[in-house]
Amino acid sequence: EVKSEKILQKLRSIKSETELARIKKAVQYTNDIYDEVFEKVRCGMTEKEIGQLFVQGLKKRGVTNSLGNPYDPPLVCIVRAGLAHRKPGDSIVKPGDMVVMDFSVKYQDYCSDIARTIYFLKKDEKEAPKEVKDAVNTTIKAVSKTIQALKPGKKGSIA
């Protein structure tokens with residue numbers, strides 16, 4: 001007798017065409033909802049109000065959040081109010097704020113998980129400050145290197 005855990009992990013990591021299509025659809029819904037949120041989000045909104053924009057997008061498409069209750073809002077954090085994984089609060093977006101959002105969609109039992117960050121220019125700014133750009137560019141480089149390292153059959157962990 002042997003434990004089946006390792007065999008099942010390997011088996012689950014191989015996706016069928018149907019599974020891949022469901023994952024792609026979950027990702028597409030997520031990106032579409034982000035596009036809608038970015039069109040509506042403004043200074044003066046609370047984290048909770050921004051979170052509800054995501055919930056509206058879920059309901060409009062007949063899908064749910066993949067974490068927590070079906071229509072829980074995603075993580076929406078104004079950086080100056082704290083970055084811990086937490087529910088959106090009553091903090092209000094002001095010019096000069098970075099807002100981190102981490103959102104997922106569950107579609108036919110397959111889930112996306114995509115984070116985005118937005119910066120709100122101050123009145124006298126035409127572009128984000130250097131430290132904001134540097135943070136964003138560092139993240140983009142790290143994610144890009146990770147994607148480049150992905151290969152079929154390659155382990156996703158050291159263990």
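1. Let's start with a pair you can find on screen: the side chains of Asp90 and Lys48 meet in a salt bridge, with N and O 3.2 Å apart. Asp90 sits in the loop between E1 and E2, while Lys48 belongs to helix H3, so this pair ties together parts of the chain that are 42 residues apart in sequence. How exposed are the two partners? Asp90 is exposed, at 57% relative accessible area, and Lys48 is partly exposed, at 42%.

2. Before going on, keep in mind that this is a predicted model. The average pLDDT of the protein is 92, and 97% of the residues score at least 70. Where is confidence lowest, and where is it highest? The low end is helix H1 (residues 5–13), with a mean of 82, and the high end is H3, at 98.

3. Now for the overall layout. The protein has 4 helices and 5 strands. Read from the N terminus, the order of elements is α-α-α-β-β-β-β-β-α. If you take the C-alpha trace along its principal axes, it spans about 65 × 35 × 25 Å. The chain counts 159 residues, and 30% of them are buried. About 11200 Å² is exposed by the protein, with carbon and sulfur atoms supplying 56% of that area.

4. Contacts across the sequence are worth a look too. Take the contacts between residues at least 6 apart in sequence: 53% of them join residues at least 24 apart.

5. Back to salt bridges, of which there are 7 in the count. One of them joins Glu47 and Arg86, whose closest N and O atoms are 2.8 Å apart. This pair links distant parts of the chain, with Glu47 in helix H3 and Arg86 in the loop between strand E1 (75–78) and strand E2 (98–103), 39 residues apart. Is Glu47 buried or exposed? Glu47 counts as buried because its relative accessibility is 1%, and the cut-off for buried is under 20%. Its partner Arg86 is partly exposed, at 25%.

6. Helix H4 offers a local example. There, Lys130 and Asp134 meet through their side chains in a salt bridge (2.6 Å, N to O). Both residues lie in helix H4, 4 residues apart, which is about one turn of the helix. Lys130 is exposed, with 60% relative accessible area, and Asp134 is partly exposed, with 34%.

7. Next, have a look at Arg61, which you'll find in helix H3 (residues 47–61). Together with Glu36 and Lys60, Arg61 is part of a network of salt bridges. Its side chain makes a polar contact of 2.6 Å with the side chain of Glu36. Which residues does Arg61 touch, leaving aside its neighbours within four places in sequence? They are Tyr29, Asp32, Ile33 and Glu36. With a relative accessibility of 19%, Arg61 counts as buried, since the limit is under 20%.

8. Finally, check the surface around the end of H4. Val143, Ile147 and Leu150 form a nonpolar patch there on the surface, and together they have about 310 Å² of accessible area. Leu150 lies in the segment after helix H4 (130–149). Leu150 is also exposed, at a relative accessible area of 61%.

Technical notes. Residues are numbered from 1 along each chain as its sequence is written. This is a predicted model: local features need pLDDT of at least 70, side-chain atom pairs count only at pLDDT 80 or more; totals for chains, interfaces and linings use all residues. Side-chain values use heavy atoms; hydrogens and water are left out. Patches are made of residues with over 30% relative accessible area and no salt bridge: like charges are joined within 9 Å, nonpolar side chains (Val, Leu, Ile, Met, Phe, Trp, Tyr) within 5 Å. Accessible areas come from the Shrake-Rupley method with a 1.4 Å probe; for residues, only the protein chains shown count as cover. A salt bridge is a side-chain nitrogen of Lys or Arg within 4 Å of a carboxyl oxygen of Asp or Glu. Helices (H or I, at least four residues) and strands (E, at least two) are DSSP runs, numbered from the N terminus. Buried means under 20% relative accessible area, exposed over 50%, partly exposed in between (1.4 Å probe, protein chains only). A polar contact is a pair of N or O atoms within 3.5 Å; within protein, one must be able to donate a hydrogen and the other to accept it, and residues adjacent in sequence count only if both atoms are side-chain atoms. Contact means heavy atoms within 4.5 Å. pLDDT is the predictor's confidence in each residue, from 0 to 100.
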